[in-house]
Structures are given as structure tokens and as C-alpha cells.
Amino acid sequence: MTKDNKICFLVDTTIYPLSAIYTTAYIFLDKAYVYLDKSGAGHISVELRGKKVLSLEEKASLSGEFHNELLNSTLRENISKENTKIREYIVGQALYST
């Protein structure tokens, strides 16, 4: 939904973890004012308000960029979880050798 100088949409928390949503919102703070709200079970309502007047194309672009960054944040989080044991081993070896 687009209205005035803002765009609103829902993000499914069963697909995207809450931490990835927060990370993405933080990344977007320089581009727009970001408002998050719980919207029923399993959804977060995201409202992006432009810091300047946005055209329809800019609103669509901002929404697309948010969703792309949301995927990026989720992937980074998943990779981090998968590599936890390897990182701990490397750090442990580095500390042990010194």
C-alpha cells in the first residue's frame, strides 16, 4: 500500500527472522524513517516514510531494496549460524598457540 510519502507492507516472520528484520530496518535508517509494528500472528508491519518527497517509482524501488536487503540479512545470519563451530575452533587455536 502506498499513500502520501510512505509505503507499507507486511513481512512474514515465519520466513524472515526478527533479527534480520531489525538489521534491515537499521540499514535503512539513512534512507527513510522506519516504523515496525506487530501485525497479527507471524507478521510484522513495516512502514517506510521518505525523508524527502518520493515518486511512485522511488517508493517501489525503496520497497524492493528493503526486501532485497531482508534476504541478504537472512542469508548472512544463516551462514553465521552454520559457521559458528568453525569460527570457535579457529579462535580457540589462535588463542591456544599464543
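Helices and strands are DSSP runs, at least four residues (H or I) for a helix and at least two (E) for a strand, numbered from the N terminus. The legends below describe a predicted model.

**Figure 1. Overall fold of the chain in the predicted model.** The secondary structure consists of 3 helices and 4 strands, arranged along the sequence in the pattern β-β-α-β-β-α-α. The C-alpha atoms occupy a box of roughly 60 × 30 × 15 Å along the principal axes. The radius of gyration is 18 Å, whereas a compact globule of 98 residues would have a value near 13 Å. Among contacts with a separation of 6 or more, 63% join residues 24 or more positions apart.

**Figure 2. Surface and charge of the chain.** The exposed area is about 6800 Å², of which carbon and sulfur atoms supply 59%. Buried residues account for 30% of the 98 residues. The side chains include 12 positive and 12 negative ones, and the centres of these two sets lie 3 Å apart.

**Figure 3. Helix α2, residues 56-82.** This helix has 27 residues and spans 39 Å from its first C-alpha to its last, close to the 39 Å expected at 1.5 Å a residue. Its buried residues are Lys-59, Leu-62, Ser-63, Phe-66, Glu-69, Leu-70, Ser-73, Thr-74 and Glu-77. An α-helix has 3.6 residues a turn, so residues three or four places apart point the same way.

**Figure 4. Surroundings of Tyr-16, in the loop between β2 (6-12) and α1 (18-27).** Tyr-16 is classed as buried because its relative accessible area is 16%, and the cut-off for buried is under 20%. Apart from neighbours within four places in sequence, Tyr-16 is in contact with Val-11, Ile-21, Leu-70, Leu-71 and Thr-74. Of the residues in α2, Leu-70 and Thr-74 are among those that are buried. Tyr-16 and Leu-54 are 38 residues apart in sequence, and their C-alpha atoms are 27 Å apart in space.

**Figure 5. Surroundings of Val-53, in the loop between β4 (43-50) and α2.** Val-53 is classed as exposed because its relative accessible area is 74%, and the cut-off for exposed is over 50%. When neighbours within four places in sequence are left aside, Val-53 is in contact with Asn-5 and Glu-58. The C-alpha atoms of Val-53 and Lys-6 are separated by 9.2 Å, although these residues are 47 residues apart along the chain.

Notes
Residues are numbered from 1 along each chain as its sequence is written. This is a predicted model: local features need pLDDT of at least 70, side-chain atom pairs count only at pLDDT 80 or more; totals for chains, interfaces and linings use all residues. Side-chain values use heavy atoms; hydrogens and water are left out. The expected span of a helix is 1.5 Å times one less than its number of residues. Buried means under 20% relative accessible area, exposed over 50%, partly exposed in between (1.4 Å probe, protein chains only). The radius of gyration is taken over C-alpha atoms; the globule rule is 2.2 Å times the number of residues to the power 0.38. Contact means heavy atoms within 4.5 Å. Accessible areas come from the Shrake-Rupley method with a 1.4 Å probe; for residues, only the protein chains shown count as cover. Lys and Arg count as positive and Asp and Glu as negative; His and the chain ends are not counted. The place of a charge is taken as NZ of Lys, CZ of Arg, CG of Asp or CD of Glu.
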